[in-house]
Amino acid sequence: MSAIALGMIIFAYLCGSISSAILVCKLAGLPDPRSAGSGNPGATNVLRIGGKAAAAAVLIFDVAKGMVPVWIAWWLHVTPMYLGLTAIAACLGHIYPVFFRFRGGKGVATAFGAIAPIGWDLTGLMTGTWLLTVLLSGYSSLGAIVSALIAPFYVWWFKPQFTFPVSMLSCLILLRHHDNIQRLWRGQENRVWKRKKKK
């Protein structure tokens with residue numbers, strides 16, 4: 001491993017460790033997302049406890065902290081394998097942030113940001129897959145799970161050299177959602193919005 005690749009992996013982890021959900025909630029005077037709502041410091045939980053504006057700010061920042069390190073690593077001509085490790089490091093930083101006692105979110109937005117530099121066609125497909133799943137089901141977690149499952153196939157189609165690292169990234173996201181998978185199976189998962197009751 002070159003010094004540049006190692007440096008980018010460390011930089012990506014530190015970027016990922018900046019928890020935008022906690023910072024945005026603190027600045028906006030909202031409850032700590034680690035102790036309110038679902039307890040997950042991510043955009044979906046911030047949407048529940050703080051509304052659309054706060055959630056949008058968290059989402060944009062979380063995507064950027066995955067995208068920027070990978071873009072820089074690509075610009076520095078880091079090989080595909082180490083680009084993948086850079087992406088994984090950003091997600092690990094989000095999930096286990098060194099600045100917030102290693103208690104972070106699930107890494108979906110950060111993973112999306114890390115995969116986005118591969119190509120706009122792939123980014124569009126990933127966005128469409130997540131959005132369609134959420135709109136049809138109402139479950140943000142299901143959108144993340146379906147997107148993680150199908151991402152390696154999309155990447156294999158467009159940029160096969162990135163298939164292995166993206167597959168590792170998908171496995172990480174799926175492992176982080178094991179509780180959500182169980183709740184979905186039992187019908188106990190919370191929806192992004194509540195369905196109106198029929199009169």
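# Exercises on pockets, cores and single residues

The largest pocket holds about 1200 Å³ of space. The model is predicted.

**Exercise 1.** Describe the lining of the largest pocket: its central residues, its elements and its classes.

*Solution.*
Step 1. Start from the volume, about 1200 Å³. The lining counts 47 residues, and T44, V108, W130, S140 and A144 are the closest to the centre.
Step 2. Assign the lining to elements. Two or more residues come from each of α3 (43-50), α4, α6 (108-115), α7 (120-137), α8 (140-158), α9 (163-176) and α10 (178-186).
Step 3. Sort by class. The lining has 21 nonpolar, 18 polar and eight charged residues.

**Exercise 2.** Do the work again for the second largest pocket.

*Solution.*
Step 1. Its space is about 170 Å³.
Step 2. Its lining has 14 residues; nearest the centre are V70, L83, A114, I118 and F162.
Step 3. The elements that supply two or more lining residues are α4, α5 (80-95), α6 and α9.
Step 4. Twelve lining residues are nonpolar, one is polar and one is charged.

**Exercise 3.** Find the residues with the most contacts inside the largest nonpolar core, then trace the contacts of I118.

*Solution.*
Step 1. The core has 25 residues. L83, I115, I118, L122, F162, V166 and L169 have the most contacts inside it.
Step 2. Elements that give this core two or more residues are α1 (3-16), α4, α5, α6, α7, α8 and α9. The top contributor is α5, with five residues.
Step 3. Take I118. Beyond four places in sequence, I118 contacts K159, F162 and V166.
Step 4. Note the second core. It is separate, has eight residues, and includes C25, A43, A54 and A55.

**Exercise 4.** Classify D62 as buried or exposed, and list its contacts beyond four places in sequence.

*Solution.*
Step 1. Locate D62: it sits in helix α4 (residues 52-75).
Step 2. Apply the cut-off. Buried means under 20% relative accessible area. D62 has 3%, so it is buried.
Step 3. List the contacts. With neighbours within four places set aside, D62 meets S20, H94, A109 and T110.

**Exercise 5.** Set V46 against G29: give the place, the exposure and a C-alpha distance for each.

*Solution.*
Step 1. V46 lies in helix α3. G29 lies in the loop between α2 (20-28) and α3.
Step 2. V46 has 0% relative accessibility, so it counts as buried. G29 has a relative accessible area of 65%, so it is exposed.
Step 3. V46 and L30 are 16 residues apart in sequence, and their C-alpha atoms are 8.8 Å apart. G29 and G50 are 21 residues apart along the chain, with 9.3 Å between their C-alpha atoms.
Step 4. Add the contacts of V46. Not counting residues up to four places away, V46 touches A21, C25, G51, A54, A55 and V58.

**Exercise 6.** Check two of the annotated transmembrane stretches against the model.

*Solution.*
Step 1. Read the record. An unreviewed UniProt entry annotates residues 6-25, 53-75, 81-99, 111-132 and 138-158 as "transmembrane region".
Step 2. Take residues 6-25. The chain there is 85% helix and 0% strand, with end C-alpha atoms 32 Å apart.
Step 3. Take residues 111-132. Helix makes up 82% and strand 0%, and the end C-alpha atoms are 18 Å apart.

Notes: Residues numbered from 1 in each chain as written. Predicted model: local features only at pLDDT ≥ 70, side-chain atom pairs only at ≥ 80, totals over all residues. Heavy atoms only, no water. Helix = DSSP H or I, 4+ residues; strand = E, 2+ residues; numbered from the N terminus. Buried < 20%, exposed > 50% of the residue type's maximum accessible area, 1.4 Å probe, protein only. Contact = heavy atoms within 4.5 Å. 1 Å grid on protein atoms, 1.4 Å probe; cavity = no way out; pocket = protein on both sides within 12 Å on 5 of 7 lines; lining within 4 Å. Points joined across faces, edges and corners; volume = space filled by probe spheres on them. Nonpolar A, V, L, I, M, F, W, Y, C, P; charged D, E, K, R; others polar. UniProt positions renumbered as here; feature names shortened; annotations may be inferred. Core = buried A, V, L, I, M, F, W, Y, C linked by side-chain atoms within 4.5 Å.
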